[in-house]
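Here's a quick tour of the chain you're about to load. Have your viewer ready, and we'll start with the rings.

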Amino acid sequence: MYKIHLIAILIVSMLLQACSLEKEEFNKITPDNFYKTEQDARLAIAALYYNSITKVGTWSPGFFVQSINSLPMITDIAAGDMVRCSYGDNPWEYLRNKEWTPSNGYATNNFFHYYNHISNARIVANQIAKMTTISEALKEELLAEAQAIAGWKAAILYDLYGPVPYPTDEMLSNPADLVYPERPSNEAFVDIIESFFENKDKLMVPDFGAGFGRMNQGIANFVLMRLYMLEAGRTGDKAFWQKAKVCAENIINLGIYELQNKYSAVFAKSNQKNKEIVFASPSDYSFNVNMWHAEALPNNYPCALNRGSGAWGGYKILWSFYDTFDADDQRLSGIAAEYTTDSGVLIKRENPNDDRHGVGHGAIPVKYDPDDTQVGYFQEHDFIAYRYAEVLLAMAEILNELGEDASVNAPQLTQLANDGSVLSSDGGTTALSFINAVRVRAGLAPLETLSQADLRDAILMERSHELYCEGVRRADLIRYQRVTNGNGYVKFDEDTNKFLFPIPIGYINEYKGHLNQNPGY
């Protein structure tokens, strides 16, 4: 990504503070701070990514507060029926059982600050739009990137909190004026998010080299696809399924992404930046780290690493969810239902050893393969957030809801099942074609003709098995109009206000009565 540029920003910032006591105003556009060169604009865009992905220095009791890396587990735990954290009841079980409040967010409050990130990206975009020292083509590309970053943050916030305060351009240009922007309606905020992606075709094509991790056409369509599926579930309006279909087909038509031959290969350190990844947060020991194994592995888990790599015994796959997998599902290779300690003790369901440092609370989502060069708690894997497999499963769901075929083909795959039989997907254009491509890759037999309702349930199950611990479960259950009580999903017998997280009380107080809380809180 922009590692060197980000370091340069920090160095320049420190030098300015150390060498000068002169007052400077960075919140106003003046001839002195207006972007003059391409590098000025690129550095400003690079700064928009920073603090969206970093995990270093952002610890808040129990949670890293700003990292995209922490969002998947927070939302999957909040879903209630897939995964838990064994650190203790407070705050993790309160999160799983939806006992959060505006004053006690239990990690539901960790991302509301992104609403400031939207404004930051808009300010950068507005300044780029006024540049006269770069070509129009380059200006369009940089402007599209800044706007799409704003749209990305806005879409994340909309999923978690609903619409957030949205200042006008006049408010942004006069930050000293004390004005409280209002929360738009759902419909208006969706329009706002769409407007940020109006120029998405000007973005770079997906790049698995120097541009890896930057906003591109694939990520932009992926974010919109998720948004439209959310709105389809919220409103029941089939027009959103059609919009989601266009986005999914755009991603497929790029002709760049592909399923890896095996599920385990997606998360292998030796296969970093593989073409199944739509977006990953690049790992970098200097500012952005992946601490999955430190957070998931018990302190007695065997590995060739220093023992710090397996220490905290946090993440667990609930046994009730683990039991929904087919025994021949090759995705189980990433879940440790049992292991033998260095001292030779077999830890398994019947002999769990401990809830936290064992398997009492559930199986262990190893997910990424061991990193033998891990430094302390920090492994070198990029943190994978969005994958092509999700696009294929989304397409299956979209086609099933619309009752029509795609204009693009699903992957045609062949895979050996655990029993040695050969499995194949048909590479067709139906909903079954898309779900079966994912199933065959996992070593499972293709599904045959199902009713719309049965296929809907099959897709929901397939998404949970393919995308466990990747942050989709909460949104899936909401879209399917199902909520959980911590012990499995049921239909609409829980508080549907919990579909949105509460706005943190600190922001309500800051707005002095001008910011309405979400219903039910």
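## Aromatic pairs

In this predicted model, the ring-pairing count comes to 32 aromatic pairs. Take Phe-267 and Tyr-368: their ring centres are 5.5 Å apart and their planes sit at 90°, so this pair is edge-to-face. It links distant parts of the chain, with the two positions 101 residues apart. Phe-267 belongs to the loop between helix H11 (263-266) and strand E4 (277-281), while Tyr-368 belongs to the loop between strand E9 (364-365) and strand E10 (383-387). Buried or exposed? Both Phe-267 and Tyr-368 are buried.

Zoom out a little and the two turn up in one aromatic cluster, whose members include Tyr-263, Trp-292, Tyr-315, Trp-319, Phe-383 and Tyr-468.

## Charges over rings

Tyr-468 has a charged partner as well: the charged end of Lys-367 sits over its ring, 3.6 Å from the centre. Elsewhere, Arg-474 lies over the face of Phe-501, at 5.0 Å from the ring centre.

## The nonpolar core

Which residues have the most contacts inside the largest nonpolar core? They are Ile-128, Trp-152, Met-215, Tyr-386, Phe-434 and Tyr-468, in a core of 148 residues. Helix H6 (residues 136-161) supplies the largest share of this core, 16 residues. As general background, nonpolar side chains in soluble globular proteins tend to be buried together.

Met-215 is a handy one to click on. Leaving out residues up to four places away in sequence, Met-215 touches Tyr-49, Glu-145, Ala-148, Ile-149, Trp-152, Leu-203, Met-204 and Ala-220. One of those, Trp-152, is also on the list of residues with the most contacts inside the core.

## A helix on the inside

Now for helix H3 (residues 71-79): nine of its nine residues are buried, so the helix is largely enclosed by the rest of the structure. The buried set isn't purely nonpolar by name, either; Thr-75 and Asp-76 are in it, along with Leu-71, Pro-72, Met-73, Ile-74, Ile-77, Ala-78 and Ala-79. Just after H3 comes Gly-80, which takes a positive phi of about 100°.

## Positive phi without glycine

Most residues other than glycine have a negative phi. Which way does Lys-98 go, positive or negative? Lys-98 has a positive phi of about 60° although it is not a glycine. You'll find Lys-98 in the loop between helix H4 (89-96) and helix H5 (114-129). Its relative accessible area is 12%, and with the buried cut-off at under 20%, Lys-98 counts as buried.

Cys-469 is another case, with a positive phi of about 65°. Cys-469 lies in the loop between helix H16 (452-466) and helix H17 (473-479), and counts as buried at 3% relative accessibility.

## Cysteines

How many disulfides are there? The count is zero. Two more cysteines to look at: Cys-85 is buried with a relative accessible area of 1%, and Cys-247 is buried at 4%.

## The whole chain

Stepping back, the protein chain has 18 helices and 14 strands. Of its 521 residues, 57% count as buried. Among contacts between residues at least 6 apart in sequence, 69% join residues at least 24 apart. The accessible surface comes to about 21,500 Å², and carbon and sulfur atoms account for 51% of that.

Terms used
Residues are numbered from 1 along each chain as its sequence is written. This is a predicted model: local features need pLDDT of at least 70, side-chain atom pairs count only at pLDDT 80 or more; totals for chains, interfaces and linings use all residues. Side-chain values use heavy atoms; hydrogens and water are left out. A nonpolar core is a set of buried Ala, Val, Leu, Ile, Met, Phe, Trp, Tyr and Cys residues joined through side-chain atoms within 4.5 Å. Buried means under 20% relative accessible area, exposed over 50%, partly exposed in between (1.4 Å probe, protein chains only). Helices (H or I, at least four residues) and strands (E, at least two) are DSSP runs, numbered from the N terminus. Contact means heavy atoms within 4.5 Å. Rings of Phe, Tyr and Trp (its six-membered ring) pair if their centres lie within 6.5 Å; planes under 30 degrees apart count as stacked, over 60 as edge-to-face and the rest as tilted. A charge sits over a ring if NZ of Lys or CZ of Arg is within 6 Å of the ring centre and within 35 degrees of the ring normal. Accessible areas come from the Shrake-Rupley method with a 1.4 Å probe; for residues, only the protein chains shown count as cover. A disulfide is a pair of cysteine sulfur atoms within 2.5 Å.
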